[in-house]
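Trainee: I would like a close look at a single part of this chain. Please pick one helix, take me through its packing, and then set it in its surroundings.

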Amino acid sequence: MQKHKILIASALVILTLSMFATGPFHSKSSEIPKKIETAITKTENTKSNKKDALRYPIRQRKIQTALIDYFNKAIANGDIVGAGVSIVKGDSILISEGFGKKKSFENSQVNGETVFRLGSLSKGFAGILAANIKNEGKLNWTDKVSDYLPEFQLGDGTSTNNITLANILSHTSGTPYHSFTNLVEAGLPLKDIAKRFKEVMPISKPGTMYSYQNAMFALCGEMMRKATGEKINALLDDRFFKPLHMSATTTEYETLTHESNIAMPHVKTHNGWKAGHIRDNYYNAVAAGGISSNAHDMGLWMRFLLGHNPDVMKSTAIGEAFNPFIEISGHSKYYQRWPGHTGSYYGFGWRIHKFIEEDSTAEKTIWHHGGSVNNYRNEIALYPESDLGICVLMNNNSQIAKTVIPDLYEIVQRVYRETAIAPKEIHKIAVNSL
């Protein structure tokens with residue numbers, strides 16, 4: 001009897017601690033319609049919540065253990081120097097951790113607060129910001145670029161007059177692949193870059209071909225500035241970073257240079273990975289690649305994208321950025337070789353992939369983007385049907401970036417399968433884990 005009492009008390013301790021761990025992230029979405037529930041339904045929901053509360057620390061610990069093994073192997077193999085990793089499930093941040101070093105040959109460990117440059121993960125922020133402003137009625141996907149930037153011209157007048165905000169956010173303006181990325185790298189103001197596009201002849205009609213861009217994409221920031229009267233830096237800060245408490249996320253080079261907890265970029269040499277310097281490129285083109293953040297803040301960002309902050313932005317408005325606008329054809333891209341891949345598209349600042357899992361016929365969705373700048377390499381992916389988000393920030397270019405998303409997805413799925421067990425077994429695991 002005494003032993004039974006101890007087991008019950010131990011389980012209650014686990015339950016209490018896990019509720020504290022998840023508490024700050026649990027909030028009911030205002031978008032979910034209220035339903036009249038019977039007493040039986042309420043009892044079942046209560047039991048389900050208790051089961052989830054018991055499972056939460058078990059799953060968190062198992063995933064963390066698997067990630068330690070995964071990234072330690074990658075570090076030992078020389079694939080990465082350091083990484084910041086966040087995993088969101090439901091309205092909880094399961095993982096916000098660091099692995100490896102901020103700077104090679106120094107004892108400086110990456111943690112969940114270590115800052116990395118995001119590169120093209122910034123495009124996802126820009127797409128959501130455009131959707132936010134559009135939801136206010138200050139901007140529309142069909143607005144012409146030339147109406148906001150009279151100095152803009154692409155080759156001939158016909159194309160110029162038909163290029164919309166949707167086209168530049170989806171890389172379907174008709175410009176050749178990576179046109180004038182060199183001008184962005186050189187730090188030219190966007191207004192000057194906009195003028196230079198008259199030298200470029202389009203390769204397709206607007207909206208008909210996917211051709212990835214940085215310079216053209218960045219013009220969305222100028223369109224948003226004209227529509228609101230505020231620079232993109234202030235818009236991101238006021239609409240997302242502050243209300244979501246993303247205190248380490250910035251868009252300014254000067255701010256980044258004063259960051260003490262930062263992962264330095266690295267290049268491969270014959271002696272191993274060598275730390276480089278923070279460059280000032282892309283701060284003239286924030287929408288295309290000028291944001292910096294850490295694992296913790298990216299967890300908050302993914303939680304928001306999955307619809308758990310309706311007070312900041314409703315899911316219906318967020319979802320507009322994830323509508324497939326153009327198909328990404330072919331099979332040569334690394335994400336087109338992910339397990340079960342059936343098709344890829346581009347929305348507004350996001351890639352949208354379709355896939356079918358093994359032993360299933362149901363097609364599922366991934367909202368994804370990769371990012372590379374200044375020798376940082378990053379990946380973010382959200383699985384809306386599973387209410388799951390994964391983000392990996394790395395301070396070196398690595399081949400592991402091509403597979404890290406499906407690798408971590410499989411780890412999470414495996415842990416959740418293993419812990420989808422009966423209440424009595426959960427109780428035993430909880431007690432034995434003390």
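Mentor: What follows is a look at helix 10, then at a pocket, two loop residues and the whole chain. Keep in mind that the model is predicted.

Start with the helix. Helix 10 runs over residues 232–241. It is mostly covered, with 7 of its 10 residues buried. Those residues are Ile232, Asn233, Leu235, Leu236, Arg239, Phe240 and Phe241. Around the axis they span an arc of only 160°, so they sit on the same side of helix 10. The general rule helps here. An α-helix has 3.6 residues a turn, so residues three or four places apart point the same way.

What do the buried residues of helix 10 pack against? Their partners are four helices: helix 3 (122–135), helix 9 (215–228), helix 12 and helix 13 (295–305).

Helix 12 leads on to the second largest pocket. This pocket has a volume of about 510 Å³. Its lining counts 26 residues, and Ser120, Tyr177, His178, Tyr212 and Arg351 lie nearest the centre. Two elements give two or more residues to that lining: helix 12 (286–289) and strand 10. Thus helix 12 appears twice, as a packing partner of helix 10 and as a contributor to the pocket lining. Strand 10 gives the most, with 5 residues. By class, the lining has 9 nonpolar, 12 polar and 5 charged residues.

Now follow strand 10 to its end. Strand 10 covers 363–373, and asparagine 374 lies in the loop between it and strand 11 (376–383). The phi of asparagine 374 is near 55°, a positive value in a residue other than glycine. Asparagine 374 is also buried, because its relative accessible area is 6% and the cut-off for buried is under 20%.

A second residue has a positive phi. Phenylalanine 180 is not a glycine, yet its phi is about 65°. Phenylalanine 180 is found in the loop between helix 6 (165–169) and helix 7 (181–185). With a relative accessible area of 13%, phenylalanine 180 counts as buried.

Last, the whole chain. It holds 16 helices and 12 strands. Of its 434 residues, 54% are buried. Take the contacts between residues at least 6 apart in sequence: 68% of them join residues at least 24 apart. The chain exposes about 19,600 Å², and carbon and sulfur atoms supply 52% of that area.

Note on methods: Residues are numbered from 1 along each chain as its sequence is written. This is a predicted model: local features need pLDDT of at least 70, side-chain atom pairs count only at pLDDT 80 or more; totals for chains, interfaces and linings use all residues. Side-chain values use heavy atoms; hydrogens and water are left out. Buried means under 20% relative accessible area, exposed over 50%, partly exposed in between (1.4 Å probe, protein chains only). On a 1 Å grid over the protein atoms alone, a cavity is a set of points where a 1.4 Å probe fits but cannot get out, and a pocket is an open set with protein on both sides within 12 Å along at least five of seven lines; lining residues have an atom within 4 Å of a point. Grid points are joined across faces, edges and corners, and a volume is the space filled by probe spheres set on the points. Ala, Val, Leu, Ile, Met, Phe, Trp, Tyr, Cys and Pro count as nonpolar, Asp, Glu, Lys and Arg as charged, and the others, Gly among them, as polar. The arc is that of the directions from the helix axis to the C-beta atoms. Contact means heavy atoms within 4.5 Å. Accessible areas come from the Shrake-Rupley method with a 1.4 Å probe; for residues, only the protein chains shown count as cover.
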